[in-house]
Amino acid sequence: MRRVAAAVATRASLANAARSPRIAIHRPGCLARRAHLGRSGPRWPMPRCRAACRATLRAMSAASAPAPAGARAPAAQAPKEAHGFELVSDEYVEEYASQVLTYRHKKTGAEVLSLVNDDENKTFSVIFRTPVSASTGIPHILEHSVLCGSRKYPVKEPFVELLKGSLFTFLNAMTAPDRTYYPVASCNLQDFYNLVDVYLDAVYFPRCITDPLVFQQEGWHYELEKEEDPLTYKGVVFNEMKGVYSSPDQTHSRRAMQALFPDNNYRFDSGGDPKVIPNLTYEEFQDFHAAYYHPSNSRIWFSGNDPPVERLRILDEYLSKFERREVDSSVAMQPLMTQPKRVVEKFAAGEKEKKAFVSLNWVLSESPFDTETQIAFQVLDYLMLGTPAAPLYKALMDSGLGEALIGRGLNSQVKQPVFSVGLKGVDTADGEKVEKIIEQELLRLSKKGFSDSAVQAALNTIEFSLRENNTGSFPRGLALMFAAVNAWIYDREPIENIKWQEDLAQFKQRLASGEDVFGRLITKYLIDNPHKVALEMQPDAKLAGETVEEELARLKKERESMSKEEIASTVSSTEQLKKHQLTPDPPEALKAIPTLKLDDIPREITMIPTDEQQYKDSTILSHELFTNDILYFEAALDMRGVPATLLPLVPLYCKCVTQMGTEDYSFVELTQQIDGKTGGISVYPLVSDVRGEDEPVAKIMVKAKTTKDKVGDLMDLLQNVMLKGRLDNQQRFKQMVLESKARLESGLVGAGNRFASMRLAAQRSTAGWVSEMTGGLSYLEYVRQLAERVDSDWPGVQSDLHAIRSSLLTSNGTILNLTADEGTLGAAGPFVSEFLDALPSEERASEDWSVVLPRVNELLVVPTQVNYVAKSVNLYKDAGYELDGSSSVIGKNLSRSYLWDRVRVVGGAYGASGSFNQHSGNFTFSSYRDPNLLGTLANYDGAVDFLSNLSMDDDALVQAIIGAIGDVDAYQLPDAKGSTALMRRLLHVSDAERQERRDQILATQVKDFHEYAQYLESVRGPEARVVAVTSPDAAKEVSQEIPDFWKISNVL
């Protein structure tokens, strides 16, 4: 899938608390909200979080849970026929407490999977099988384009209008190698119907197939504003993929797929290669939609508590307008190779990058795994790679040959399952050594196997994840949809991927019988499998420049081949497109977009049940919510006692807590204890400004979860890791340092907007500076030095780690946050008291952290083809602004109207946002995968005039208000509700203040936009600062245009 901005993906799980840049910096997650607007999805196959996500069987996605005791199938009898559909199957799936109805549309053959359950977060998706035969990016461009107006909704971007004024919990579109998804979700029934209708009209009757301007905007076009100007390429997808192709990690994944599948569709990039995208013609684009976006090639998903027959009526309104036809959208099987091969490639690197990527990759079979094999291999995958203590993971890191693991292990989200593993940060002379380590460890594991404790720990982790059914802010129904589609899209029964209890039970019986399940799998699918590719990617500091020069040469040649008439036509086309992009939609067309009314919005805030008790010098918060007998535990330890000089070491200390062993357990044994008795333990720093206060909130968060019967085990483990944790494993600590370094360097290229924004915040407050020192560019610089210091001064590093632990461990001022049902909370009480009693009780003095970064404008230079441009001002300090709830309405509307139009639509950036941090007062503009730099800064400054001159009718204002309320009322699972309540307490956000802000949001007027512009005027003043992550060529160009303005740093 192609990465979209997360604001279009899911509502932030902590939206009801305040928006702090450090609320969850170090917590893993699969689909988290991003700060930018775009439209595609997570890279496909989905990135996986080793600590949390790998625990869930991919065959079941991340959304399965046994039915509650006594659960029964819904009493309603499914109709055999209704609204042009015939019932194919009706089955109750106990794993999800869902009635699963399979329907087929009689006229067109469209297939529908309709799940009826109690989930209020209703989900829908239409899925098309969309194989490609070139890397022109047709399905990706089409995925963007169909949401740019349709027959029934004749506005430029209905998608954006929904973003402005819907209560969606998910709104996105996603491109995979062989399929395209259009999913939505909402808890509000009318809002859900609105989203479904807009999406159905978009995919079947889009404007883009008759209006080439949409293709030019979203895909690619020649841009030439004046006849004497140089010719350039522009297009949202074109620039998005330039960002993707700038990432070495993405390049590795792509090259591996191409090498593994040299003969079928997977050798092409469905997202599009920037070198190939300009080969795509509008006629090919039209033909692709005609070929594949037809009901006969549709698979349609519903899940939730909405009326199931009404689903069929809504669908038939669209499907009945088509006739059945044969659509050949199958994906050919890749014949298995008879001999392994080795491939050496180059990747664009900076001057400082001297290390390679090395991996081994396999296609595991000629056909998809059956469910039992899939389960067995998923458990094997977790056993080998699921944690840093897993043997294959550990063998690679212990070798000292590289800095971080690459490859995602088992990937069963393509037609033939794939396995990939390796290292990055490898000396170019050591490639074959890495391959040998992998092969030797696989051979050892095939013969020696895994300990019983390791297997049981893995099974507990998997079963806990299935029972918990926790998908975070991602709708459960859509997580389940992804699992079902992995079978459905290849003409297998979708239900086979969502009924797993029987197969899992049989698998456990095989293990109990003593069968050598894992040894056979390793031997058959890995050791004896000749379809193996060794991939080595070597750094090339000249490649990025050569790529730019190659594009410029191509453009020059194309311009030289144009006649005067063609040049004039290109200038005219450029002008026509920009005029179209900047012309507002007619009011009558906008009124076609279905919206809610303010009367549909509750006036009162939603309360989270909270009981507060004092236990000696600690505070215990309890939230009684149904959690299926799971306890969610959080401990907030005061971090203010850590000396400022040691702050950059804090994130690594947090890793040590669970990844270095204790006096009682080795590193491997501790990992097995955590996996066997809990749903996971994580430790991370949390830092935020507090509005109206100089002192930041600074806590070390210890988060854990377990079942009711294992609460005592969890508390014993927490005491063990916090009080008896070892800090003496030099080799393991060095590995963690190098992994952190590799992650940060990768992030600079792929998510430069985050680093730029963090850099700006560090210039304005202590909290911003601490965040920068523990997660930004300053942290990367520290980690690079630390990697050397571990070798030269390990006793000194150890001493610093012990000093951090001493400054943190006290019950004095500690806050515990417990979320569970009444019985589980009661069972936890005595163990929680024992845990607090075990901690030291001395009060810790706060250290002096009164530091900020110098107020400078910076260019951070990395090997990239795009820019990430941020500009910030503090509205509290620089403009005297006093917080009002209308700021939530204004900021969101600004991002989804002016910035969307100017920076994304016209400018060609993949995303842009203007965000106001209510705690710090920082208003930060930022762009994502942006072809422009100075032009984007000019657009940021223009936002002031936009707000000053804004006119809105009542409907548009109501739409903006509802959109802001959608963020405030974000859907949350029980653990997120408990965390939100804790965050509100830490940030001093009272329920009275929340109600006041809600009242202000609901009372927002147009004059509030105009008044806000007066404060935002400071962004054009002397207090504003700019930080951009950019390329060497762009840095040189802008420094010549604005000399003596920038501090330039080559960071990679």
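**Close-ups of a six-stranded sheet and its strand β27**

**View 1. The whole sheet, in a predicted model.** Six strands make up an open sheet here, running in the order β25-β26-β24-β27-β23-β28, and the pairing is mixed. At the edges sit β25 (911-916) and β28 (1047-1050), each of which pairs on one side only. Going from one strand to the next, the twist averages 10°.

**View 2. Helix α23 on the sheet.** Residues 752-761 form helix α23, which packs on the sheet and touches β23, β24, β26 (922-928) and β27. Its direction makes about 25° with that of β24.

**View 3. Strand β27 and its neighbour β23.** As a reminder, strands of a sheet pair through backbone hydrogen bonds, either parallel or antiparallel. Strand β23 (residues 858-861) and β27 run parallel, joined by 4 bridges. Look for Val-861: it stands opposite Thr-1030 in β27.

**View 4. Strand β27 and its neighbour β24.** Here the pairing is antiparallel: 5 bridges link β27 with strand β24 (residues 868-874). Pick out Tyr-868 to find one of the pairs, since its bridge partner in β27 is Val-1029.

**View 5. The two faces of β27.** Side chains in a regular strand alternate between the two faces of the sheet. On one side of β27 are Arg-1025, Val-1027 and Val-1029, and on the other Val-1026, Ala-1028 and Thr-1030; all are buried, so both faces are covered. With 6 of the 6 residues of β27 (residues 1025-1030) buried, that is, under 20% relative accessible area, the strand is largely enclosed by the rest of the structure.

Note on methods
Residues numbered from 1 in each chain as written. Predicted model: local features only at pLDDT ≥ 70, side-chain atom pairs only at ≥ 80, totals over all residues. Heavy atoms only, no water. Buried < 20%, exposed > 50% of the residue type's maximum accessible area, 1.4 Å probe, protein only. Pairing = 2+ DSSP bridges. Axes fitted to C-alpha atoms, helices over the stretch in contact; angles between N-to-C directions. Contact = heavy atoms within 4.5 Å.
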